[in-house]
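Here's a quick briefing for anyone opening this structure for the first time. Have a look at it, then read on for a few spots to find.

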Amino acid sequence: MGVSFSSVINEAETYLKTIIAPQATELDRDSNALKIALKEMGDRALLALRIPQSWGGLQCNEATFHRFQMLIARYSGALAFLQTQHQSAGNLIANSDNKSLKQNYLPFMGSGKILVGVGFSQLRRQGEPLMKATPVALGYRLDGEVPWITGFGFFQDFIIGATLPNGDAVYGIVPFEECDRIQLSAPMELTAMKSTNTVNAKIDGWLLARDRILTIKPAGAIEQQDLKNVLYHSFFALGCARAGLDIVEINYHRKKLLFLKHAFDSLDRELTRCGQAIFEALESNLQPFETKLQLRAKAINLAGRCTQAAVTASSGAANSLQHPAQRVYREALMFTVFGQTTAVMQATLEQLLCEKT
């Protein structure tokens, strides 16, 4: 029997709105509370949305998955950021040719019995590779640094990306724990989503055995994937922008100031148009990269403006760490740079410079 994608979204929204939203501030700051929320997602089989049903996932289509990502970012940036690491890992394993790893991981990822993170953003960096893989008899020797891995204390393993001598990249699964070959930093002092426990890893001579390898991709593959998926991170920004407008609307009903209603209506129309354009661009897949890039930058721009509107509408109370406007404003910062490439950076800044005064 097939999955009803509309029911997935409806049930997820009910859960997020009634259970997650009231504790969003706590989830942003408390790793234990966030761990419970992640477990609840597993209890609801929401942690393997793109994994095939034959492997225990829901096998949602792309549109449903993106709507879910937008929805969860609306109610908790921290939970959105944490769970998407695991969802990405599941997708990578599902698309691997390593049948043994599929059997050992995929059936248990939707429920959260096995949780996996990712650590391969370093492959995007120019110059000398931060993480190198050297061929040895039993696989590859890994040496170097992984600057960003989210989910320490949540995930048992993570997918690492390392550069081979010929420029290709090997992806494999390594344990997400400190040992004699893997040294982890303390969780970083992040402005937003500190509870997700993002760390740095230094790896010295770890053997990535052949049976732990997911795939080897040609040099430049991650850049090509970034071009293809330039809109994918937009949904976090769109959800964050909607969270900001939720706060503006609450303040309008509380303060009865007509200019708050005007601000809400204007930004709401702009956000709705942007979201529709992004979904249409993904569905048709005919838009050129430059058009998609501008839509991505527009979503980021709206996250910043809508959350600043939330701060403004909330007055001085927004300066409290306990206030939701404070949280979503910081989440907009995070979603501005999440998955950022040089092209996205440039387009984001151009959007700011082109704003009317």
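**Charged pairs and a helix contact**

Asp-268 has a relative accessibility of 21%, so it counts as partly exposed, since buried would need under 20%. Keep in mind that this is a predicted model. We'll start with the partner of Asp-268, move on to other charged pairs, and finish with two helices that pack together.

**The Asp-268 pair**

- Asp-268 and Arg-242 join their side chains in a salt bridge, at 2.8 Å from N to O.
- Asp-268 sits in helix α9 (residues 258-284) while Arg-242 sits in helix α8 (residues 234-255), so this pair ties together parts that are 26 residues apart in sequence.
- Is Arg-242 buried or exposed? Arg-242 counts as buried, because its relative accessibility is 19% and the cut-off for buried is under 20%.

**The Arg-305 pair**

- There's also a salt bridge between the side chains of Arg-305 and Glu-270, again given as 2.8 Å from N to O.
- This one links distant parts of the chain: Arg-305 belongs to helix α10 (residues 289-314) and Glu-270 to helix α9, 35 residues apart.
- With a relative accessible area of 26%, Arg-305 is partly exposed.
- Glu-270 has a relative accessible area of 15%, so it is buried.

**A pair within one helix, and the wider count**

- Lys-39 and Asp-43 form a salt bridge too, and their closest N and O atoms are 3.2 Å apart.
- Both of them sit in helix α3 (residues 31-43), and because they are four residues apart there, about one helical turn separates Lys-39 from Asp-43.
- Lys-39 and Asp-43 are both exposed.
- How many salt bridges are there? The count comes to 14.
- Arg-141, Asp-143 and Asp-204 are joined into one network by salt bridges that share partners.

**Where α1 packs on α4**

- Helix α1 (residues 5-20) packs with helix α4 (residues 62-75) at an angle of about 10°, and their axes are 10 Å apart.
- That angle makes α1 roughly parallel to α4, because angles under 35 degrees count that way.
- On the α1 side, the residues in contact are Phe-5, Ile-9, Ala-12, Glu-13, Leu-16, Lys-17 and Ile-20.
- On the α4 side, they meet Thr-64, Arg-67, Phe-68, Leu-71, Ile-72, Arg-74 and Tyr-75.
- Sorted by type, the residues of this contact between α1 and α4 come out as nine nonpolar, four charged and one polar.

How values were computed: Residues numbered from 1 in each chain as written. Predicted model: local features only at pLDDT ≥ 70, side-chain atom pairs only at ≥ 80, totals over all residues. Heavy atoms only, no water. Axes fitted to C-alpha atoms, helices over the stretch in contact; angles between N-to-C directions. Helix = DSSP H or I, 4+ residues; strand = E, 2+ residues; numbered from the N terminus. Parallel < 35°, antiparallel > 145°, perpendicular 65-115°, else oblique. Contact = heavy atoms within 4.5 Å. Nonpolar A, V, L, I, M, F, W, Y, C, P; charged D, E, K, R; others polar. Salt bridge = Lys/Arg side-chain N within 4 Å of Asp/Glu carboxyl O. Buried < 20%, exposed > 50% of the residue type's maximum accessible area, 1.4 Å probe, protein only.
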